[in-house]
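Trainee: I would like a close look at a single part of this model, taken slowly. Please start with one strand and then work outward from there.

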Amino acid sequence: MGASERTAILGGTFTPIHNGHRALLHKAFQTASHDGPGAGHVVVGLTGTELARQTRSDPEHADMLGSFADRHDALEAELDRIGAAYTSSFEIVELSSPLGPAAVRSDLDALIVSPEAKAQRRAYELNERRVESDLDPLEIHTPPFIVAEDGRRISSTRVRNGEIDVHGRLRSE
């Protein structure tokens with residue numbers, strides 16, 4: 001990658017992939033493809049199974065996520081589809097720690113995070129860690145929440161619970 005190319009990073013469990021995830025992925029590709037010469041690059045951290053167990057309030061919820069391989073394949077297919085509209089390339093890396101490669105990679109320019117307060121705090125902590133390690137802080141890019149038909153935000157939990165589908169349509173019982 002040339003010096004003028006931008007690299008954006010984001011991470012998550014991405015299961016099931018829903019319109020909120022798609023908004024984050026589009027923002028990553030838009031940011032990496034932002035301006036100037038060069039194709040840009042998107043790094044997507046996919047939460048590993050062990051990290052999912054460690055970071056869930058109920059570790060058994062990690063079992064509902066599906067295997068890492070299946071989640072990787074679904075994410076790769078989604079990235080192929082979304083990425084076709086942009087100049088940026090992408091890679092998927094396994095996340096084995098909460099801050100992942102964003103804390104240590106010097107080739108990153110921007111972090112894409114959801115508007116959730118917890119995600120925003122983590123982004124701030126991540127930049128503090130980068131500065132302590134003599135790395136430049138990352139630009140923070142936050143697309144708005146994507147809401148379902150009922151006006152509440154789309155989330156994987158709501159999809160898994162059967163409240164909504166991946167597009168935010170209410171499920172009739």
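Mentor: What follows starts at one strand, moves to its neighbours, and ends with the charged side chains. Keep in mind that the model is predicted.

Start with strand β2, which covers residues 41-47. Of its 7 residues, 7 are buried, and the strand is mostly covered. Look at the directions in which its residues point. His41, Val43, Gly45 and Thr47 point one way from β2, while Val42, Val44 and Leu46 point the other way. Residues of both sets are buried. Buried here stands for under 20% relative accessible area.

Next, look at what pairs with β2. Strand β1, residues 7-12, pairs with β2 in the parallel sense, over 6 bridges. To find the pairing in the view, take Thr7, which stands opposite His41 in β2. Strand β3, residues 89-95, also pairs with β2 in the parallel sense, over 7 bridges. Here a useful marker is Val43, whose bridge partner in β3 is Glu91. Thus β2 has a parallel pairing with β1 and another with β3.

His41 also gives a way to reach a helix. Ala28 lies in helix α1, which covers residues 19-32. The C-alpha atoms of Ala28 and His41 are separated by 8.8 Å, and the two residues are 13 apart along the chain. Ala28 counts as buried because its relative accessible area is 0%, and the cut-off is under 20%.

Helix α1 begins at residue 19, and Asn19 leads to a distant part of the chain. Asp165 is 146 residues from Asn19 along the chain, but their C-alpha atoms are separated by 9.5 Å. Asp165 sits in the segment after α5, the helix of residues 156-160. With a relative accessible area of 11%, Asp165 is therefore buried.

Now turn to the charged side chains. Side chains of opposite charge can pair when their charged atoms come close. This structure holds 11 salt bridges. Some of them are joined: Asp150, Arg152, Arg158 and Glu163 are linked in a network of salt bridges. Within this network, take Arg158 as the reference point. The side chain of Arg158 meets that of Asp150 in a salt bridge, at 2.5 Å from N to O. Arg158 also forms a salt bridge with Glu163, with the closest N and O atoms 2.8 Å apart. Arg158 has a relative accessible area of 5%, so this residue is buried. Its two partners fall in another class: Asp150 is partly exposed because its relative accessible area is 32%, and Glu163 is partly exposed because its value is 29%.

Another salt bridge joins Arg105 and Asp107, with the closest N and O atoms 2.8 Å apart. Asp107 has a relative accessible area of 31%, so this residue too is partly exposed.

Finally, look at a group of like charges. Asp70, Asp73, Glu76 and Asp80 form a negative surface patch. One of them, Asp70, lies in helix α3, residues 68-83. Asp70 counts as exposed because its relative accessible area is 53%, and the cut-off for exposed is over 50%.

Terms used
Residues are numbered from 1 along each chain as its sequence is written. This is a predicted model: local features need pLDDT of at least 70, side-chain atom pairs count only at pLDDT 80 or more; totals for chains, interfaces and linings use all residues. Side-chain values use heavy atoms; hydrogens and water are left out. Patches are made of residues with over 30% relative accessible area and no salt bridge: like charges are joined within 9 Å, nonpolar side chains (Val, Leu, Ile, Met, Phe, Trp, Tyr) within 5 Å. Accessible areas come from the Shrake-Rupley method with a 1.4 Å probe; for residues, only the protein chains shown count as cover. A salt bridge is a side-chain nitrogen of Lys or Arg within 4 Å of a carboxyl oxygen of Asp or Glu. Lys and Arg count as positive and Asp and Glu as negative; His and the chain ends are not counted. The place of a charge is taken as NZ of Lys, CZ of Arg, CG of Asp or CD of Glu. Helices (H or I, at least four residues) and strands (E, at least two) are DSSP runs, numbered from the N terminus. Buried means under 20% relative accessible area, exposed over 50%, partly exposed in between (1.4 Å probe, protein chains only). Two strands pair if DSSP finds at least two bridges between them.
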